[in-house]
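Here is a short tour of one protein model, written for someone meeting it for the first time. Keep the structure open and follow along.

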Amino acid sequence: MDVIGVMSIDGCVIKSVRAREILDSRGTPTVEAEVCTNSGIKATASTPSGASTGKHEAIELRDTNDMSRFLGRGVLRAVTNVNEKIASIIVGRSCDNQQELDGLVSEADGTENMGILGANATTAVSMACAKAAAKIRGIQLYEHISELFNCTESPKNVMTTPVPLMNIVNGGKHAGSELALQEFMIAPVGARNFSEAVRMGSEIYHELKIILSNRIGKTAVNVGDEGGFAPAPIKSTEAVLSYISDAVEKHGYSLGSDVVFGIDCAASNFWNHDTEHYHIDGKSLDTGELLDYYRFLCELYPIKIIEDPFREDDPNSFVQITSKLAGKTCIVGDDIFVSHSARIDEGIKLGAANSVIIKVNQVGSLTRALEASRTASSKSWTIVASHRSGETTDDWLADFAVGIGSDGIKSGAPARGERAAKYNRIMQIEESKYELSLPKLVFKSNGFLK
């Protein structure tokens with residue numbers, strides 16, 4: 001029998017916690033934490049970083065006082081907080097008690113948004129502790145997270161793999177183009193399993209590359225932060241959706257049954273405070289006109305996912321679009337909820353969405369992200385586990401998505417190592433279903449066919 005599998009609970013005691021400054025996919029510093037236990041087990045985890053961030057999400061701690069390093073974007077203060085403050089709190093405690101550890105760190109920070117220790121510091125430590133606990137128990141990280149999510153002593157007998165929501169055209173803050181919408185996603189809902197969904201997404205991605213190259217030129221296939229194409233010559237939402245439709249059908253897939261679309265509007269980014277209008281596709285639209293535009297797009301294309309359609313501080317507009325489109329479209333809240341359980345609960349009461357993005361670093365700990373996921377799940381909201389535009393090759397997001405049974409996972413395009421790492425990990429998890437000792441896995445293929 002594997003030694004880890006029979007290790008006593010004493011092996012969970014945290015012996016040391018260290019952090020270091022590493023680079024994310026944009027070449028910007030972020031935090032990697034390493035947790036070591038008294039049994040010699042080591043686990044590392046790193047924190048991603050968003051470019052398009054909600055004003056209510058937990059705070060990244062940056063070295064803004066030192067412009068001589070990384071243009072003031074360094075994270076040495078966050079690293080020091082791990083090595084000194086957080087280490088002093090959790091060393092000597094069990095890494096198998098996730099809620100206690102995260103609670104102690106949160107209490108030491110003392111703010112709602114991790115403004116003292118930094119969410120980039122606390123997220124890395126939280127995930128490293130979860131990885132260490134899973135290793136010591138001799139189980140997969142997604143099984144461990146499933147137990148934490150479901151508050152049970154064993155993972156569910158049947159678990160699910162999410163639908164990959166692949167951002168194959170980048171706009172907004174993720175690209176140097178004039179496209180207002182931030183993400184144009186494909187969801188291969190007609191696939192039989194996750195691996196097939198990845199294959200379908202990859203085929204469509206490469207077909208789109210050929211189409212853009214032939215019709216527009218090589219500048220159309222430069223890539224953005226999340227691996228999707230960033231075609232500077234294209235300036236309209238409809239044009240992008242038309243090109244993607246051509247790529248889907250050119251490869252023999254059916255729009256609306258094999259593949260559906262998603263858009264992350266990130267509307268706060270194209271809201272003009274002076275005019276109090278949304279500036280999109282060369283137009284200036286008020287809230288009602290923008291809602292009509294979304295409805296028009298949904299009539300033309302199989303858009304089943306609309307994320308952040310209005311600015312984050314306008315819940316009434318979210319209520320309106322949800323009442324109009326929720327019967328056949330997932331209205332997804334990201335910046336409006338920022339993975340915060342209380343904000344999601346308020347959204348449920350208002351009817352401000354029917355779906356939610358969950359990003360662990362938005363709340364600074366695995367425990368808080370699980371609380372938010374439970375709140376959404378209790379009302380049968382669609383849940384999408386999401387990466388950030390500044391990612392690392394750490395693949396813990398994949399295990400998180402499977403562990404909470406999310407309907408979808410956003411990890412960007414099926415390209416760039418930090419994006420593919422998450423998709424590859426879920427394919428690895430899916431392959432493991434043939435091992436009788438692991439739970440049965442089912443692909444959530446119809447979660448976005450409202």
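This is a predicted model. Start with Y243. Leaving aside residues up to four places away in sequence, Y243 touches L208, I211, L212, R215, I216 and I234. Y243 sits in helix α6, which covers residues 237-250. One of those contacts spans a stretch of chain: Y243 and L212 are 31 residues apart in sequence, yet their C-alpha atoms are 7.6 Å apart in space. Is Y243 buried or exposed? The relative accessible area of Y243 is 19%. Buried means under 20%, so Y243 counts as buried.

**The strand β7 and its partners**

Next comes strand β7, residues 260-264. How many of the residues of β7 are buried? The count is 5 of the 5, so β7 is largely enclosed by the rest of the structure. The side chains are split between two directions. V260, G262 and D264 point one way from β7. F261 and I263 point the other way. Residues on both sides are buried.

β7 pairs with strand β6, residues 183-187, through 5 bridges. These two strands run antiparallel. Within this pairing, A187 has V260 of β7 as its bridge partner. β7 also pairs with strand β11, residues 303-307. Here 4 bridges join the strands, which run parallel. I263 stands opposite I306 in β11.

**Two open sheets**

Now turn to the sheet with the order β1-β2-β3. It is open, has 3 strands and pairs them in the antiparallel sense. Its edge strands are β1 (14-23) and β3 (42-46), each pairing on one side only. From one strand to the next, the twist averages 20 degrees.

β1 is joined to β2, residues 29-37, by 9 bridges. V17 has V35 in β2 as its bridge partner. E21 stands opposite V31, also in β2. Together β1 and β2 form a hairpin, with 5 residues between them. G27 lies in the turn and has a positive phi of about 75 degrees.

Another open sheet of 3 strands has the order β8-β9-β10, again with antiparallel pairing. Which strands stand at its edges? They are β8 (271-272) and β10 (283-285). Each has a single partner strand, so one side of each is left without a neighbour in the sheet. β9, residues 277-280, pairs with β10 over 3 bridges. I280 has K283 in β10 as its bridge partner. Helix α7, residues 287-300, lies across β9 and β10. α7 runs at about 115 degrees to β10.

**A pair of helices**

Two packed helices are described by the angle between their axes and the distance between the axes. Take α2 (residues 98-109) and α3 (residues 119-137). Their axes come within 10 Å and cross at roughly 165 degrees. Angles over 145 degrees count as roughly antiparallel, so α2 and α3 are roughly antiparallel to each other. Their crossing is right-handed. On the α2 side, the contact involves Q98, L101, D102 and V105. On the α3 side, it involves T122, S126, C129 and A130. These contact residues divide into 4 nonpolar, 3 polar and 1 charged.

**Loop residues**

Three loop residues deserve a look. The table gives their places and relative accessibility.

| Residue | Loop | Relative accessibility |
|---|---|---|
| R62 | between β3 and α1 (76-90) | 5%, buried |
| L71 | between β3 and α1 | 70%, exposed |
| S339 | between β12 (330-333) and α9 (341-350) | 0%, buried |

What does R62 touch, not counting residues up to four places away in sequence? The contacts are T28, P29, S49, G72, R73, G74, V75 and R77. P29 belongs to β2, which covers residues 29-37. R77 falls within α1 (76-90).

L71 is not a glycine, although it has a positive phi of about 55 degrees. S339 is also a residue other than glycine with a positive phi, near 60 degrees. L71 is exposed at 70%, whereas S339 is buried at 0%.

Note on methods: Residues numbered from 1 in each chain as written. Predicted model: local features only at pLDDT ≥ 70, side-chain atom pairs only at ≥ 80, totals over all residues. Heavy atoms only, no water. Pairing = 2+ DSSP bridges. Axes fitted to C-alpha atoms, helices over the stretch in contact; angles between N-to-C directions. Buried < 20%, exposed > 50% of the residue type's maximum accessible area, 1.4 Å probe, protein only. Contact = heavy atoms within 4.5 Å. Parallel < 35°, antiparallel > 145°, perpendicular 65-115°, else oblique. Left-handed = near helix turned anticlockwise from the far one by under 90°. Nonpolar A, V, L, I, M, F, W, Y, C, P; charged D, E, K, R; others polar.
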